[in-house]
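Here is a friendly walk through one protein chain, meant to be read with the model open beside you. Take a moment to turn the structure around before reading on.

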Amino acid sequence: MGAAGEPSIASHVTAGATTEAAEAVLREHGADCVPIKPCGIEVKGLDVASTDGTLDPQVAGALEVLMAAHGVVLLRGQGRQVRESNVSGRFLTGKQQCKLSECFGAHALHSTHAVHP
């Protein structure tokens with residue numbers, strides 16, 4: 001277990017997990033994967049906003065495998081039409097972005113920009 005009783009990263013990603021297994025997990029959760037040329041992969045059908053930025057640990061693990069294999073994972077059209085910090089658009093709120101980032105790595109916020117609360 002990690003900090004504050006959170007599961008460690010090892011519980012998200014099985015050693016030796018393949019991209020095929022990761023894509024199968026995402027399909028089980030209603031998402032499809034589409035390769036992006038020249039590199040990367042787009043995940044369609046995953047609605048991060050509906051869970052307020054939190055991902056099922058299996059989904060987070062699958063995305064980590066795909067990030068390692070493809071370098072870039074794109075989740076287009078996430079969020080709702082909102083206005084935050086005088087910016088209008090369709091995006092995850094700051095809170096949702098923080099929750100999403102906590103699904104990966106050490107389950108803690110980390111910013112090299114030192115701008116997050």
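## Cysteines

Cysteine 103 is buried in this predicted model, because its relative accessibility is 8% and the cut-off for burial is under 20%. Cysteine 98 counts as buried too, with a relative accessible area of 17%. If you are wondering about cross-links, the structure holds zero disulfides.

A further cysteine to look for is cysteine 33, which stands opposite valine 43 in S2. We will come back to that strand pair below.

## The chain as a whole

How many helices and strands does the chain have? There are three helices and five strands, and along the sequence they come in the pattern α-β-β-α-β-β-β-α.

The chain has 117 residues, and 28% of them count as buried. Its accessible surface comes to about 7,400 Å², with 56% of that belonging to carbon and sulfur atoms. Taking the contacts in the chain with a separation of 6 or more, 57% are made by residues 24 or more positions apart.

## The three-stranded sheet

Three strands build an open sheet with mixed pairing, in the order S1-S2-S3. At the edges are S1 (32-35) and S3 (73-74), each of which pairs on one side only.

S1 and S2 (residues 41-44) run antiparallel and are joined by four bridges. Two of the facing pairs are easy to pick out on screen: valine 34 is opposite glutamate 42 in S2, while cysteine 33 is opposite valine 43. As general background, strands of a sheet pair through backbone hydrogen bonds, either parallel or antiparallel.

## The hairpin turn

S1 and S2 form a hairpin, and five residues lie between them. Within the turn, glycine 40 has a positive phi of about 105°.

Proline 38 also sits in the loop between S1 and S2. Check the bond just before this proline: lysine 37 and proline 38 are joined by a cis peptide bond, with omega about 5°.

## Helix H2 against the sheet

Helix H2 (residues 57-70) packs on the sheet, where it touches S1, S2 and S3. The direction of H2 makes about 155° with that of S2. With 14 residues, H2 reaches 20 Å from its first C-alpha to its last, which is close to the 20 Å expected at 1.5 Å a residue.

Which residues of H2 are buried? They are Val59, Ala60, Gly61, Ala62, Leu63, Glu64, Val65 and Leu66. These buried residues of H2 pack against helix H1 (19-28) as well as S1, S2 and S3.

## Glutamine 58

Glutamine 58 belongs to helix H2. Is glutamine 58 buried or partly exposed? It counts as partly exposed, because its relative accessibility is 48% and partly exposed covers the range between the 20% and 50% cut-offs.

Setting aside neighbours within four places in sequence, glutamine 58 is in contact with Val25 and His29. Glutamine 58 and valine 25 are 33 residues apart in sequence, yet their C-alpha atoms are 7.0 Å apart in space.

## Aspartate 52 and lysine 95

Where does aspartate 52 lie? Look in the loop between S2 and H2. Aspartate 52 has a positive phi of about 60° although it is not a glycine, and at 38% relative accessibility it counts as partly exposed.

Lysine 95 is found in helix H3 (residues 94-101). This lysine is exposed, because its relative accessible area is 55% and the cut-off for exposed is over 50%. Although lysine 95 and aspartate 52 are 43 residues apart along the chain, their C-alpha atoms are separated by 8.0 Å.

## Asparagine 86

Asparagine 86 is another residue other than glycine with a positive phi, near 65°. Its place is the loop between S4 (80-84) and S5 (87-91). Asparagine 86 is exposed, with a relative accessible area of 66%.

Key
Residues are numbered from 1 along each chain as its sequence is written. This is a predicted model: local features need pLDDT of at least 70, side-chain atom pairs count only at pLDDT 80 or more; totals for chains, interfaces and linings use all residues. Side-chain values use heavy atoms; hydrogens and water are left out. A disulfide is a pair of cysteine sulfur atoms within 2.5 Å. Buried means under 20% relative accessible area, exposed over 50%, partly exposed in between (1.4 Å probe, protein chains only). Contact means heavy atoms within 4.5 Å. Accessible areas come from the Shrake-Rupley method with a 1.4 Å probe; for residues, only the protein chains shown count as cover. Two strands pair if DSSP finds at least two bridges between them. Axes are lines fitted to C-alpha atoms, for helices over the stretch in contact, and angles run from 0 to 180 degrees between N-to-C directions. The expected span of a helix is 1.5 Å times one less than its number of residues.
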